[in-house]
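Hi,

Here is the structure I said I'd pass on. Have a look at it first, and then read my notes underneath.

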Amino acid sequence: MITHLGIVIPAHNEQDEILGCLDSVAQAGAQLPDGFAQSSTRILVVADACTDETVSRVADFAEQHSQVTLLETTFKNVGSARNFAWNHFKQTAEADRDVNFDLTWIAFTDADSRVPTHWLTTHLAMAEAGSDCLVGTVSPRPDTGSAALIAKWHSHHTLLEDHPHVFGANLGIRGSYLNIIGGMPQLPLGEDAATVAAVLAAGGNVRRTDTCRVLTSARLEGRAEGGFSSFMQSLL
């Protein structure tokens, strides 16, 4: 049984999106089994090089939600931000001498995403079933882009079980495997795919699934050049 759960959300100038993301994660957390140790669940928001009101908005949210921790960095690098959060979670968990990283799960999403209510329960169920890495699907949010643009996006993606994609907005990894691969690759882009490749190279069991699809922004001005928004721009 998973005993320690971390949810990592990197955020770079996401004042308009972060609270919607946090609300969805909180709702997913409310679906965790009654016996799950809520005290062992942490939601880590990494405000990375933010110059807008992201920090204050997360701080206000954290005052009402004790499981939320605000971390501030200046990397302007999503891979470094994710890795910073993992190291913070790891150090905190190690203070509990009973922690077993085989029984620890880290779920990653993005600040402009909305997770479904069954997101965390699905991640944990697949971890319990033996998956060391969950590679979930995403799709653009209908409220953030035109129907024509989103249809073009879907024409380039196959969303089903054993799909071929990797999205950092819907990724889960067993803690022991994050230890084995040395944490998240500190790349400004492609850290998600590099992580999955490293887990596979280490002999991990990777499950690709469409059962907990995350909705993410279809915006055209993203936070990482070459990322999801750049692909959306290419479809215009």
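Below is what I found, going from the whole protein down to one helix.

One thing to keep in mind: this is a predicted model. The secondary structure adds up to eight helices and eight strands. With a radius of gyration of 17 Å, close to the 18 Å that the globule rule gives for 236 residues, the protein is as compact as a globular protein of that length. The C-alpha trace spans about 55 × 40 × 30 Å along its principal axes.

As for the inside and the outside, buried residues account for 50% of the 236. The protein exposes about 10,100 Å², and 50% of that comes from carbon and sulfur atoms. If you take the contacts between residues at least 6 apart in sequence, 79% of them link residues at least 24 apart.

Now for the helix I spent some time on, H3. It covers residues 78-94, 17 residues in total, and runs 24 Å from its first C-alpha to its last, close to the 24 Å expected at 1.5 Å a residue. Where H3 starts, Asn77 has a side-chain oxygen within 2.9 Å of the backbone nitrogen of Gly79.

Gly79 is also one of the buried residues of H3; the others are Ser80, Ala81, Arg82, Asn83, Ala85, Trp86, Phe89 and Ala93. And what covers them? The cover includes four strands, E1 (4-11), E2 (41-48), E3 (68-73) and E4 (104-108), along with helices H6 (175-180) and H7 (191-201).

Happy to talk it through whenever suits you.

Cheers

Key. Residues numbered from 1 in each chain as written. Predicted model: local features only at pLDDT ≥ 70, side-chain atom pairs only at ≥ 80, totals over all residues. Heavy atoms only, no water. Helix = DSSP H or I, 4+ residues; strand = E, 2+ residues; numbered from the N terminus. Expected span 1.5 Å × (residues − 1). Buried < 20%, exposed > 50% of the residue type's maximum accessible area, 1.4 Å probe, protein only. Contact = heavy atoms within 4.5 Å. Polar contact = N/O pair within 3.5 Å; in protein donor to acceptor, adjacent residues only side chain to side chain. Rg over C-alpha atoms; globule rule 2.2 N^0.38 Å. Areas by Shrake-Rupley, 256 points an atom, 1.4 Å probe, with all protein chains shown as cover.
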